[in-house]
Amino acid sequence: MQWTDRIGRRLKLRDLHILLAVAQAGSMSRAADRLAISHPVVSKTIADLEHALGVRLLDRTPQGTEPTAYGRALLSCGTVVFDELRRGVQELAFLSDPTVGELRVGSAAPYVEGLLPAVITRFIDRYPQIKFQITDTDAVTLCGMLCERKLDLVLGRVPSSIFGEDLSAEFLLDESMHVVAGLKSPWSRRRRVELAELCGEPWLMPESDNIAMALISQGFRSAGLTPPPPQVISNSVTLRVRLVESGRFVAILPNSTLRFGAGRMQIKILPVRLRMKAPPIVAISLKNRTPNPIANLFIDELRAFAKPPMKGRPANA
């Protein structure tokens, strides 16, 4: 296939844009509506693309359209092309004015509850025209979105086993876990507490497939204990924090959630020794991808903000 004869003069960004729209919409008519162009224009564009490339890109079905193997390959290429073009425009805008732009960050619930709001608040004080799009879900989904170029950065405690060859991680800060109770709980007045004493209490725990649950189980087993059955199971850090504040429950939460949300949480870190090693908080990005220049500013701000307190102890300890 000769590039100049078949592709160079005939494949345009607009064609790729229309193909992406059809794939996302699932039909040519819906894509035409979204793009505010006529159905015949969409149909002709796809037909011209298929003729230029010599392969079928879409299968037509009674329900609409779906990409063929050739179509998926071109769509993957198109996603990269538009992402790199977007990055180039961001770089131009950043060179013109480094205080303006957008950053798409993905993170898990513990950091959306504590660390991220604290850093973003301080960051936009310095750069008020920078906009954020925050996605809160599990680590596997976030890394998938990063590979699909739907995010610029993922922040959190992510096992290296799910990185794959396409992702790289940059250390930000160490993390630890603490047993907590509400300020109204009788446990909050104790100067010393053994983990075994708490096994009969009503526990709040994340779901079994959550990385935090694996760490919690490790903490109990390292103490020679079987993890107690939780009374409430939820991945929502906000829910667990609110229930702990009632004084009726105990839980194990990350240090970053407690430290950066300490001013508004009615929670006490109990003097319980936990034998566990929590993975550090890292910033995950996609290899071989032009970086978003705002991401570097944000990571620098996060590092400066997340330095350990002078006393070397977590808040509310």
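Which residue forms a salt bridge with Arg 122, and how far apart are the closest N and O atoms? The points below start from that contact.

1. The model is predicted, and the values in this note are to be read with that in mind. The partner of Arg 122 is Glu 301, with 2.7 Å between the closest N and O atoms. Arg 122 sits in helix H7, residues 115-126, and Glu 301 in helix H12, residues 293-305. The contact therefore links distant parts of the chain, 179 residues apart.

2. Glu 301 has a second salt bridge, to Arg 126, at 2.5 Å from N to O. Arg 126 is also placed in helix H7 and Glu 301 in helix H12, so this pair ties together parts that are 175 residues apart in sequence. Taken together, Arg 122, Arg 126 and Glu 301 are linked in a network of salt bridges.

3. The members of this network differ in accessibility class. Glu 301 counts as buried because its relative accessibility is 4%, below the 20% limit for that class. Arg 122, at 34%, is partly exposed. Arg 126 counts as exposed because its value is 51% and the class begins over 50%.

4. Helix H12 has another contact with a distant part of the chain. Arg 303 forms a salt bridge with Glu 170, the closest N and O atoms being 2.5 Å apart. Arg 303 belongs to helix H12 and Glu 170 to strand E6, residues 167-173, with these positions 133 residues apart in the numbering. Both side chains are partly exposed: Arg 303 has a relative accessible area of 30%, and Glu 170 has a relative accessibility of 37%. The count for the structure comes to 10 salt bridges, the pairs described above being among them.

5. Turning to the rings, a search of the whole structure finds 5 aromatic pairs. One of them joins Phe 123 and Phe 132, whose centres are 5.6 Å apart with 80° between the planes. The pair is classed as edge-to-face because that angle is over 60 degrees. Phe 123 is buried at 0% relative accessible area, while Phe 132 is partly exposed at 21%.

6. A further edge-to-face pair is made by Trp 203 and Phe 220, at 5.3 Å centre to centre and 75° between the planes. Trp 203 lies in strand E8 (residues 203-205) and Phe 220 in helix H9 (residues 211-222), so the pair ties together parts that are 17 residues apart in sequence. Trp 203 is buried, with a relative accessible area of 0%, and Phe 220 is buried with a value of 0%.

7. Which residues form one aromatic cluster with Phe 123? They are Tyr 127, Phe 132 and Phe 298. By residue number, Phe 123 falls within the range of helix H7 (residues 115-126) and Phe 298 within that of helix H12 (residues 293-305).

8. The largest pocket has a volume of about 670 Å³. Its lining consists of 22 residues, and those nearest the centre are Leu 20, Gln 24, Thr 79, Glu 148 and Lys 150. The elements that give two or more residues to this lining are helix H2 (13-25) and helix H5 (69-96). H5 provides the largest share, 7 residues. By class, the lining of the largest pocket holds 9 nonpolar, 5 polar and 8 charged residues.

Definitions and conventions. Residues are numbered from 1 along each chain as its sequence is written. This is a predicted model: local features need pLDDT of at least 70, side-chain atom pairs count only at pLDDT 80 or more; totals for chains, interfaces and linings use all residues. Side-chain values use heavy atoms; hydrogens and water are left out. Rings of Phe, Tyr and Trp (its six-membered ring) pair if their centres lie within 6.5 Å; planes under 30 degrees apart count as stacked, over 60 as edge-to-face and the rest as tilted. Buried means under 20% relative accessible area, exposed over 50%, partly exposed in between (1.4 Å probe, protein chains only). Helices (H or I, at least four residues) and strands (E, at least two) are DSSP runs, numbered from the N terminus. A salt bridge is a side-chain nitrogen of Lys or Arg within 4 Å of a carboxyl oxygen of Asp or Glu. On a 1 Å grid over the protein atoms alone, a cavity is a set of points where a 1.4 Å probe fits but cannot get out, and a pocket is an open set with protein on both sides within 12 Å along at least five of seven lines; lining residues have an atom within 4 Å of a point. Grid points are joined across faces, edges and corners, and a volume is the space filled by probe spheres set on the points. Ala, Val, Leu, Ile, Met, Phe, Trp, Tyr, Cys and Pro count as nonpolar, Asp, Glu, Lys and Arg as charged, and the others, Gly among them, as polar.
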